[in-house]
Amino acid sequence: MNEELARQEERPLSATQIRAQVNLVQEVMKAVMQEGQHYGKIPGCGDKPSLLKPGAEKLMMTFRLAADPVIEEIPTDDGMTFRITCRMIHQTTGIHMGSGIGEASTKEDKYNWRGAVSDAEWNATPEDKKRIKYTRNGEIKQVRTNPADLANTVLKMAKKRALVDASLSAGRLSQIFTQDLEDTRVVEGEFEEVSEEQATVSRQS
């Protein structure tokens, strides 16, 4: 049975099948997915919506895909970098449908710096580990973060990026979605990890 399904998967898709797949994704977007929660739009990045992690998971369910991530830690000076290769496997046939790559590092600006908690901390921090960041609302005193404190956060971000990339690749969905939009933000110079629920509320407010 699985061999027959595998042979069917190996056959080229007809134009009708390709159109049906696109229609299916569009139907799922209308019936199940919500803008701001499963996908969103990035100002200045065109009309295509950007796929978010919850949306990628819905598409994985639609196409019966299972994620098989492989984690690689890349040595860096004074930081941590994770690269994840996410393979998408068809749950029924076991066929490899596509792969995605995601990378995140504590050296990224939003992870590398945080707002100083007080003037005392700012004054006690070595010059090479602090900076003044200029924003629209004025200046923010920032100090370097401890990479070890952000290891899990950065690993999760790399996994999220790889999952979305793999979903787009496996579903051949670049004509519908553009690159992923991360559910993170920087608030007054402080990095804040935003949960899916918080991100949804933030976008709807």
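Lys130 lies over the face of Trp122, at 4.7 Å from the ring centre, in a model that is predicted. A second placement of this kind involves Arg144, which lies over the face of Trp113 at 5.9 Å from the ring centre. Aromatic pairs, by contrast, number zero in the structure.

**The chain as a whole**

- The protein chain contains seven helices and 10 strands, and of its 205 residues 39% count as buried.
- Among the contacts in the protein chain with a separation of 6 or more, 59% are between residues 24 or more positions apart.
- The protein chain has an accessible surface of about 12100 Å², and carbon and sulfur atoms contribute 50% of that area.

**The hairpin of β3 and β4**

- Strand β3, covering residues 65–76, runs antiparallel to strand β4, covering residues 79–90, and the two are joined by 12 bridges.
- One position along this pairing is Pro69, whose bridge partner in β4 is Cys86.
- Two residues lie between the strands of this hairpin, and in the turn Asp78 has a positive phi of about 55°.

**Helix α6**

- Helix α6 is made up of 21 residues, from 151 to 171, and its span of 30 Å from first C-alpha to last is close to the 30 Å expected at 1.5 Å a residue.
- The helix is mostly covered, with 15 of the 21 residues of α6 buried.
- Arg172 follows α6 and has a positive phi, near 50°.

Key
Residues are numbered from 1 along each chain as its sequence is written. This is a predicted model: local features need pLDDT of at least 70, side-chain atom pairs count only at pLDDT 80 or more; totals for chains, interfaces and linings use all residues. Side-chain values use heavy atoms; hydrogens and water are left out. Two strands pair if DSSP finds at least two bridges between them. Helices (H or I, at least four residues) and strands (E, at least two) are DSSP runs, numbered from the N terminus. The expected span of a helix is 1.5 Å times one less than its number of residues. Buried means under 20% relative accessible area, exposed over 50%, partly exposed in between (1.4 Å probe, protein chains only). Rings of Phe, Tyr and Trp (its six-membered ring) pair if their centres lie within 6.5 Å; planes under 30 degrees apart count as stacked, over 60 as edge-to-face and the rest as tilted. A charge sits over a ring if NZ of Lys or CZ of Arg is within 6 Å of the ring centre and within 35 degrees of the ring normal. Contact means heavy atoms within 4.5 Å. Accessible areas come from the Shrake-Rupley method with a 1.4 Å probe; for residues, only the protein chains shown count as cover.
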